[in-house]
Amino acid sequence: MTITDPDPAAVPSTGRTIRTFHPRRGRMSGRQTDALDRLWSSYGLDVSDEPVDLAALFGRRAPVVLEIGSGMGDSTAAMAAADPDRDYLAVEVHTPGIANLLDLVDRADLGNVRVARGDALELVSGLPEGSLAAVHVFFPDPWPKARHHKRRIIQPSHVALLRSRLTPGGVLHCATDWAEYAEAMRETLDADPELVDVYGGFAPRPAHRPVTKFERRAITAGRPVADLIFRRRQR
């Protein structure tokens, strides 16, 4: 089975007319193509408007971490390997990245990773409320032009949706290398009455978040990385 990148007009919108991501195309290596063909049926999930049964998806009941925009999957694979008692659900739209993560999962024999292909917000809408231990939004598209800010994933309505899927005490962890977006993220997260800023501002770099090639390039270019870690209020 070979999966191609989506045509922008064909991606389900669930009523949303503004996307938070660029549909991207890219070539895959033979290794990635093989991983996708062999492993998708076991580890993959196409995002749809159907509810997602996390226990059935992973074959067990365990805390679930949602990785929004997993890129090439290096961070997801590393965190899942170091955290076997929790399950990691990665969602991505870039097929080579999905295929690369599947290959990493196979090489490390990671039974606690599943990969969803499609719109992250649509996926989240199909999850039960209070079902996630954590949501990671690492280096989302900054949409730097002012006229595109409405496409950013960290904005009030999206944050309210993400927060609603967190269990009380669950963590929403964002990271970006765009200073203006970091400040906008902080303001948006601070404004949600059900979220508590763990560090009272930007967080020290967490040891559990692996340094990726993308992050190294940002630092080399002189763009410092900002982390924000918020918890859903305990009731």
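**Cores and a buried serine in a predicted model**

The largest nonpolar core holds 34 residues, and those with the most contacts inside it are Leu54, Leu66, Ile68, Leu89, Val135 and Leu172. Alongside this core lies a second, separate one of 26 residues, including Leu36, Tyr43, Ile98 and Ala175. The model described here is a predicted one. Leu66 gives a good view of the packing: with neighbours within four places in sequence left aside, Leu66 is in contact with Leu89, Val91, Leu123 and Val124, and also with Leu132, Ala134, Val135 and His136. Two of these partners, Leu89 and Val135, are themselves listed among the residues with the most contacts inside the largest core.

Stepping back to the whole chain helps to place these cores. The chain has 235 residues, 51% of them buried, and contains 8 helices and 8 strands. Of the contacts between residues at least 6 apart in sequence, 79% join residues at least 24 apart. The accessible surface of the chain amounts to about 11200 Å², and carbon and sulfur atoms account for 52% of that surface.

A closer look at one residue rounds off the tour. Ser164 belongs to helix H6, which spans residues 156–165. Ser164 counts as buried because its relative accessibility is 10%, and the cut-off for buried is under 20%. The side chain of Ser164 makes a polar contact of 2.8 Å with the side chain of Arg165. Not counting residues up to four places away in sequence, Ser164 touches Glu129, Gly130 and Arg232.

Methods
Residues are numbered from 1 along each chain as its sequence is written. This is a predicted model: local features need pLDDT of at least 70, side-chain atom pairs count only at pLDDT 80 or more; totals for chains, interfaces and linings use all residues. Side-chain values use heavy atoms; hydrogens and water are left out. Helices (H or I, at least four residues) and strands (E, at least two) are DSSP runs, numbered from the N terminus. Buried means under 20% relative accessible area, exposed over 50%, partly exposed in between (1.4 Å probe, protein chains only). A polar contact is a pair of N or O atoms within 3.5 Å; within protein, one must be able to donate a hydrogen and the other to accept it, and residues adjacent in sequence count only if both atoms are side-chain atoms. Contact means heavy atoms within 4.5 Å. A nonpolar core is a set of buried Ala, Val, Leu, Ile, Met, Phe, Trp, Tyr and Cys residues joined through side-chain atoms within 4.5 Å. Accessible areas come from the Shrake-Rupley method with a 1.4 Å probe; for residues, only the protein chains shown count as cover.
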